[in-house]
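Trainee: Hi, could you walk me through this one? I'd like to go piece by piece.

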Amino acid sequence: MLKIKEYVKAESLEEAYQLNQKKKNCILGGMLWLKMGSRTIQTAIDLSGLGLDKIEETEEAFSIGCMTTLRQLEKHEGLEKLTQGAIRQSVESIVGVQFRNLATVGGSIFGRFGFSDVLTCFLALDTYVELYRGGIMPLEEFAAAKKDRDILVRLIVKKTPVHCVYMSHRNTRTDFPVLTCAVSEDGRGVRAVVGARPGRAVCIRLEEDSLEGGLDGSLDAAAEGLAAQVTTGSNMRAGASYRSVLAKVLIRRGLCRLLEERGIS
C-alpha cells in the first residue's frame, strides 16, 4: 500500500528540487507505477502546475516536457512524421488509452525501467535530456548513469533526418514486453537499441557507416554481430537464451525495413 503523509504542488522547479533532496520525499509524475508499490512517502511533490506538459516544436528540435503524457506522444503529428510512426508504435501497446492518458514521459525516462518501450525508442533518436541541476546531456549517457535526486525537466529530440523502426515482442497484447528493439539510421550511422533484456535498454552501433550495398549482402551476419553484444537475462516472461535469439530476429527485421525504405535489397 502507498501512503502519503504530505502533498505539495510545487510552485517552481527550485522548490521541487529542494524538497526532492530528502530520500523519503518523492516526485509523483503520472503516479501509475508508483501507486503499485508499497512504501510511505513523507512529501509527495506534484509538478503539474509548472507548464511541463507540452510538446513544443522549433526549427531544430522537439521539446517534450516531463509531464507530457504517453498519449500526447502517440498523437503528435510532428513526432509521427519525424520517426515514421516509431514513437507511436512504441507506446500504443502500453496497457491502454486510459493508462497512457496519465503515464508521463518524465516518469518513463527518469525511472530507466528495464521494460520501458519509451526509453528504447528515444535512444534510437538524436535525443537529449535536460536536468534541473545537471543541465543537458545525451539520453544514452543519462540512461547508463545511476539514479540521483535531480529532476528531469524535458526531453529534447533533435530534428536530425532519421529512418527509424520500432518493434517489440509480447506474450500478450498489453503485457510488459519480452524484448524491445529500435533500429535507426541517421547522420551518425546505424544503431540498434535493445531493451527489456530484462535490464534497461542498451545501444549498439554498426561498424558500417550506412546501409548502402545491403550491408554487403549479409543481413544475418550484421544482425548476429549486433545481437551478440546484447547481454540478456531470465525472468517470468522469458529465458536468456530465448531473448538472445529474439534480439537477432528483431534486429534483422529492423535492418530489413530500413533497407526497404532506402530501396536497397
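Mentor: Happy to! Let's start with a pair of residues: Lys3 stands opposite Thr40 in β3. Before we go on, this is a predicted model, where local features need pLDDT of at least 70, side-chain atom pairs count only at pLDDT 80 or more, and totals for chains, interfaces and linings use all residues. Residues are numbered from 1 along each chain as its sequence is written, and side-chain values use heavy atoms, with hydrogens and water left out.

Trainee: Which strand does β3 run parallel to, and how many bridges join them?

Mentor: β3 (residues 39-46) runs parallel to β1, and seven bridges join the two. Strands here are DSSP runs of E with at least two residues, helices are runs of H or I with at least four, and both are numbered from the N terminus. Two strands count as paired if DSSP finds at least two bridges between them.

Trainee: In what order do the strands of that sheet come?

Mentor: The order is β1-β3-β2, in an open sheet of three strands with parallel pairing. β1 (2-9) and β2 (26-27) are at the edges with a single partner strand each, so one side of each has no neighbour in the sheet.

Trainee: And which helix packs on the sheet?

Mentor: That's α1 (residues 13-20), which touches β1, β2 and β3. Contact means heavy atoms within 4.5 Å. The direction of α1 makes about 165° with that of β3; axes are lines fitted to C-alpha atoms, for helices over the stretch in contact, and angles run from 0 to 180 degrees between N-to-C directions.

Trainee: Does α1 come up again? Where does the salt-bridge partner of Glu14 lie?

Mentor: Glu14 meets Arg133 in a salt bridge, at 3.3 Å from N to O. The rule is a side-chain nitrogen of Lys or Arg within 4 Å of a carboxyl oxygen of Asp or Glu. Arg133 is in the loop between β6 (127-131) and β7 (135-138) while Glu14 is in helix α1, so the pair ties together parts 119 residues apart in sequence.

Trainee: How many salt bridges are there in the whole structure?

Mentor: The search finds 13. Among them is the one between Asp220 and Arg252, at 2.6 Å from N to O. Asp220 belongs to helix α9 and Arg252 to helix α10 (residues 240-262), so this pair ties together parts 32 residues apart in sequence. There is also a network of salt bridges linking Arg71, Glu74 and Arg100.

Trainee: Back to α9, which of its residues are buried?

Mentor: In α9 (residues 219-227), Leu219, Ala222, Ala223, Leu226 and Ala227 are buried. Buried means under 20% relative accessible area, exposed over 50%, and partly exposed in between (1.4 Å probe, protein chains only). Down the axis of α9, the buried residues fall within an arc of 125°, so they line one face of the helix; the arc is that of the directions from the helix axis to the C-beta atoms. Asp220, by contrast, is partly exposed at 41%.

Trainee: New topic: how many disulfides does the count come to?

Mentor: Zero, with a disulfide taken as a pair of cysteine sulfur atoms within 2.5 Å. For Cys164, the nearest cysteine sulfur is that of Cys121, 4.9 Å away. Cys164 is buried at 3% relative accessibility.

Trainee: Last one: what do β11 and β12 form?

Mentor: A hairpin, with six residues between the strands, and Ala196 in the turn has a positive phi of about 55°. β11 (residues 189-195) and β12 (residues 202-205) pair antiparallel over four bridges, and Arg191 stands opposite Arg205 in β12.
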